[in-house]
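Let us walk through this structure, one sheet and one helix at a time.

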Amino acid sequence: MKRISWLITIIVNIILFSTVSFAEQMAKSVDEKVTIRWHNYNLAYAGAGREATEELISSFNANNPNITIEGVAVPVPEMGSRLQAEMLAGDPPDIIQVILSDISFIADSYALPSLDEILPEDEAKDHFSGMVQTGLELGKVQGKMVALPYVFSTPVLFYNADIFREAGLDPNRPPATWSEIKETAIQIKEKTGNVGFLAGIFGPGAFDWLYQGIIKSNGGQVISDDRKKMTFASPEGIEAMEILRDIASTGAFTNVPSTNAQENFAAGKVGMYLQTSAVQARMVKAAKGNWEIRASKMPSFGSKKPAPTNSGSGLMIVTKDPVKRRAAWEFIKHVTSDYGYTIIASKIGYVPLRMSAVESENYLAPWYRENPLAKVNLEQLKDLSQWVPLAGSNYVQIRQIMMNASEEAVFKQNINVADHLKAAEKRANALMPK
């Protein structure tokens with residue numbers, strides 16, 4: 001009955017949202033007063049992300065008298081349900097910020113067109129030409145640009161240089177491989193009594209972006225290229241979890257919820273912390289005057305090349321009104337401009353998708369000189385690997401099965417990793433689209 005109800009809801013959504021053809025042209029300009037409602041998750045959380053987003057909205061509104069951007073705070077877990085409710089009410093938002101793992105489901109479920117179908121080809125080509133191409137690929141599903149990548153980050157190994165020194169380690173030589181992570185974590189624990197290593201891989205709010213990067217870094221992938229089969233229990237996936245389990249077995253890597261892990265690292269009680277660069281602003285602020293924070297790249301599995309997977313979101317245009325589409329596009333260009341990425345990078349810690357902003361003295365060049373910690377993000381852009389959206393309407397359950405089983409395999413020492421992951425993969429594949 002649940003599945004039938006879900007299908008009926010989706011069909012109703014599509015009918016309600018298909019009264020006007022998606023082939024309508026975008027207006028050439030906005031010559032009347034319009035208000036654009038933007039569902040945004042950065043606004044839903046206190047801190048630098050909300051403040052920077054409010055600044056982006058205010059600066060646009062001040063310079064575009066015919067367009068008013070109304071930011072609506074919607075937490076990540078509520079983005080889909082909020083969209084569904086407003087579409088059923090006949091009053092959908094005009095732009096939505098969606099985590100990149102959800103863009104395929106949102107586009108398919110609500111019959112949203114790709115940006116390739118909406119944007120004027122010449123304007124899109126001109127705007128995208130200045131953006132990092134590996135970054136643009138993150139918003140594509142099977143070749144179509146479903147969303148324009150907006151704010152996203154790479155996994156960064158933050159570390160406490162003071163703890164390194166106390167443990168007899170050289171802070172100028174951070175660990176570059178998982179075997180070195182293990183050795184370093186053990187030495188920190190034994191010499192200082194502090195936690196050696198924490199990571200934002202598992203637990204509430206972790207999703208699977210960093211997990212995917214770890215699997216890919218060992219040569220595996222969580223889903224097949226044709227998106228028909230989950231593959232996280234491949235030999236490469238199993239080996240990656242066995243290596244993490246080996247580190248956890250020493251007691252130098254513990255299973256701490258994400259919020260607590262951030263608090264502990266910010267308090268100067270943890271040697272190393274692998275997490276999204278989006279926490280950088282908070283960590284730098286916490287460390288200032290208290291302890292020395294440094295950063296390095298995502299660890300590799302021996303000589304294998306790391307595959308840092310992005311976290312973050314893309315922007316999707318929902319409105320079908322030609323004038324509102326134009327207004328939405330003008331705003332999207334604003335927040336993904338040199339100016340936009342200057343605010344996003346310097347005030348939040350996300351990766352700028354425009355190298356022109358990075359190199360310009362009018363934008364980010366002075367900031368990067370003063371904040372060398374942030375350069376790790378830029379160095380990893382060339383190796384960036386997509387956070388691949390999982391397939392079908394059961395993707396949330398599939399992700400939960402995968403993540404719960406992997407977390408148990410790493411931290412429950414009485415579990416056979418291979419058997420546990422293979423059993424979970426079988427359950428996950430039973431939920432895949434047929």
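Begin with strand E8, in what is a predicted model. Four of the five residues of E8 are buried, so the strand is largely enclosed by the rest of the structure. Buried here stands for under 20% relative accessible area.

E8 belongs to an open sheet of four strands. Their order is E8-E9-E7-E10, and the pairing is mixed. Strand E8, residues 195-199, is an edge strand, and so is E10, residues 293-296. Each of these two pairs on one side only. From one strand to the next, the twist averages 20°.

Now look at the pairing of E8. Its partner is strand E9, residues 270-276, and the two run parallel. Four bridges join them. In one of the pairings, valine 195 has valine 270 of E9 as its bridge partner. In a regular strand, side chains alternate between the two faces of the sheet.

Turn next to helix H15, residues 338-347. How many of its 10 residues are buried? Seven are, so H15 is also largely enclosed by the rest of the structure. The buried residues are Asp338, Gly340, Tyr341, Thr342, Ile343, Ile344 and Ala345.

What covers these buried residues of H15? The cover includes four helices and a strand: helix H2 (48-63), helix H14 (322-335), helix H16 (355-359), helix H17 (365-370) and strand E6 (148-153).

After H15 comes glycine 349. The phi of glycine 349 is positive, near 115°.

Definitions and conventions. Residues are numbered from 1 along each chain as its sequence is written. This is a predicted model: local features need pLDDT of at least 70, side-chain atom pairs count only at pLDDT 80 or more; totals for chains, interfaces and linings use all residues. Side-chain values use heavy atoms; hydrogens and water are left out. Two strands pair if DSSP finds at least two bridges between them. Axes are lines fitted to C-alpha atoms, for helices over the stretch in contact, and angles run from 0 to 180 degrees between N-to-C directions. Buried means under 20% relative accessible area, exposed over 50%, partly exposed in between (1.4 Å probe, protein chains only). Contact means heavy atoms within 4.5 Å.
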